[in-house]
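Visitor: I'd like to learn how to read a model one feature at a time. Could you walk me through this one?

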Amino acid sequence: MFRSVLMLAATLSLSASAAEPAASDKHFVFHDPNSRDTVMFVLDAPLEVINGLSNQVTGRVDVKGQKASGRFQVPVKSIKTGNETRDGHLQNDRWLDAAKHPDIIFEFKDVALPAPLANAKPVVLKTKGTFTIHGVTREEPVEVTATYLQETAETKNRAAGELLRVRAKFQIPLEAYGIQRTEALVLKVGERAEVTVDAWGSTQFKP
């Protein structure tokens with residue numbers, strides 16, 4: 001009987017060690033030296049659709065157990081719309097005012113994950129985060145998909161270290177952030193920016 005108990009304990013121990021480890025207490029830096037991360041937005045209005053893009057995303061996500069905290073920022077001057085004149089308008093003091101407010105910032109703290117991060121298993125959650133845009137700070141709902149990847153020969157083709165891919169989508173109501181559309185622009189500039197993010201963090205990226 002005692003021998004059977006020992007054998008059972010040994011079997012359970014081997015099974016536990018063979019199980020896929022979860023990512024716990026990890027620190028991911030988002031600062032891709034190859035600028036492959038993307039933040040894209042669409043302003044859809046009756047007379048015009050404006051698409052914007054930035055590949056300059058920096059930040060950090062800290063995962064402790066089943067809670068995550070983080071901060072991301074995007075320089076206003078890095079946003080391109082495919083039209084230099086329009087880019088200048090976007091950066092001036094009537095819009096995002098890059099001189100006074102050079103970065104768009106998104107922060108979240110102690111967000112409960114629905115499940116521990118496990119290798120190659122996406123975690124989807126709907127939560128809220130704090131945005132700072134044009135000097136205004138507000139809380140907005142965000143839908144996030146986070147995928148943790150242990151380091152392998154294959155993942156090293158993307159970047160060294162353990163990786164965390166974060167994909168998110170949310171809406172930014174322009175007027176709530178003090179961005180006023182003139183009467184002439186109401187039919188050309190949508191009242192909300194539909195934003196999507198695809199960014200990769202690594203335990204070995206440098207801030």
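Visitor: Let me begin with a single residue: in which loop does Gln180 lie?

Guide: Gln180 sits between strand S11 (163-173) and strand S12 (192-202). Keep in mind that this is a predicted model.

Visitor: Is Gln180 buried, exposed or partly exposed?

Guide: Gln180 has a relative accessible area of 47%, so it counts as partly exposed.

Visitor: What does Gln180 touch beyond its neighbours in sequence?

Guide: Residues up to four places away are set aside, and that leaves Arg94, Trp95 and Glu175. Arg94 is 86 residues from Gln180 along the chain, while the C-alpha atoms of the two are separated by 7.4 Å.

Visitor: Now the whole chain, please. How many helices and strands are there?

Guide: The protein chain has two helices and twelve strands. Their order along the sequence is α-β-β-β-β-β-β-α-β-β-β-β-β-β.

Visitor: Among contacts between residues at least 6 apart in sequence, what share joins residues at least 24 apart?

Guide: That share is 65% in the protein chain. As for burial, 39% of the 207 residues count as buried. The accessible surface comes to about 12,100 Å², and 54% of it belongs to carbon and sulfur atoms.

Visitor: What is the mean pLDDT of the chain?

Guide: The mean is 88, and 86% of the residues reach 70 or more. Over residues 1-21, however, the pLDDT is below 50, and this stretch has seven contacts in the model beyond near neighbours in sequence.

Visitor: Let's turn to empty space. How does one find it?

Guide: Rolling a probe the size of a water molecule over the atoms reveals where space is left empty. Here there is one cavity of 30 Å³ or more.

Visitor: What is the volume of the largest cavity, and which residues are closest to its centre?

Guide: The volume of the largest cavity is about 680 Å³. It is lined by 39 residues, of which Phe106, Phe131, Phe170, Val195 and Val197 are the closest to the centre. By type, the lining divides into 36 nonpolar residues, three polar and no charged.

Visitor: Next, backbone angles. What sign of phi should I expect?

Guide: A negative phi is what most residues other than glycine have. Asp97 has a positive value, near 55°. Its place is the loop between helix H2 (84-91) and strand S7 (103-112), and Asp97 counts as buried because its relative accessibility is 9%.

Visitor: What is the phi of His134, and where is that residue?

Guide: The phi of His134 is also positive, near 55°. His134 belongs to the loop between strand S9 (123-133) and S10. With a relative accessible area of 16%, His134 is buried.

Visitor: Could we compare two threonines? Where are Thr145 and Thr203 found?

Guide: Thr145 is in strand S10 (residues 136-149), and Thr203 is in the segment after S12. Thr145 is buried at 18% relative accessible area, whereas Thr203 is partly exposed at 30%.

Visitor: Which residues are in contact with each, leaving aside neighbours within four places in sequence?

Guide: For Thr145 they are Pro122, Val123, Val124, Arg165, Val166 and Arg167. For Thr203 they are His27, Phe28, Gly161 and Glu162. Thr203 and Gly161 are 42 residues apart in sequence, with a C-alpha to C-alpha distance of 5.3 Å.

How values were computed
Residues are numbered from 1 along each chain as its sequence is written. This is a predicted model: local features need pLDDT of at least 70, side-chain atom pairs count only at pLDDT 80 or more; totals for chains, interfaces and linings use all residues. Side-chain values use heavy atoms; hydrogens and water are left out. On a 1 Å grid over the protein atoms alone, a cavity is a set of points where a 1.4 Å probe fits but cannot get out, and a pocket is an open set with protein on both sides within 12 Å along at least five of seven lines; lining residues have an atom within 4 Å of a point. Grid points are joined across faces, edges and corners, and a volume is the space filled by probe spheres set on the points. Ala, Val, Leu, Ile, Met, Phe, Trp, Tyr, Cys and Pro count as nonpolar, Asp, Glu, Lys and Arg as charged, and the others, Gly among them, as polar. Helices (H or I, at least four residues) and strands (E, at least two) are DSSP runs, numbered from the N terminus. Buried means under 20% relative accessible area, exposed over 50%, partly exposed in between (1.4 Å probe, protein chains only). Contact means heavy atoms within 4.5 Å. pLDDT is the predictor's confidence in each residue, from 0 to 100. Accessible areas come from the Shrake-Rupley method with a 1.4 Å probe; for residues, only the protein chains shown count as cover.
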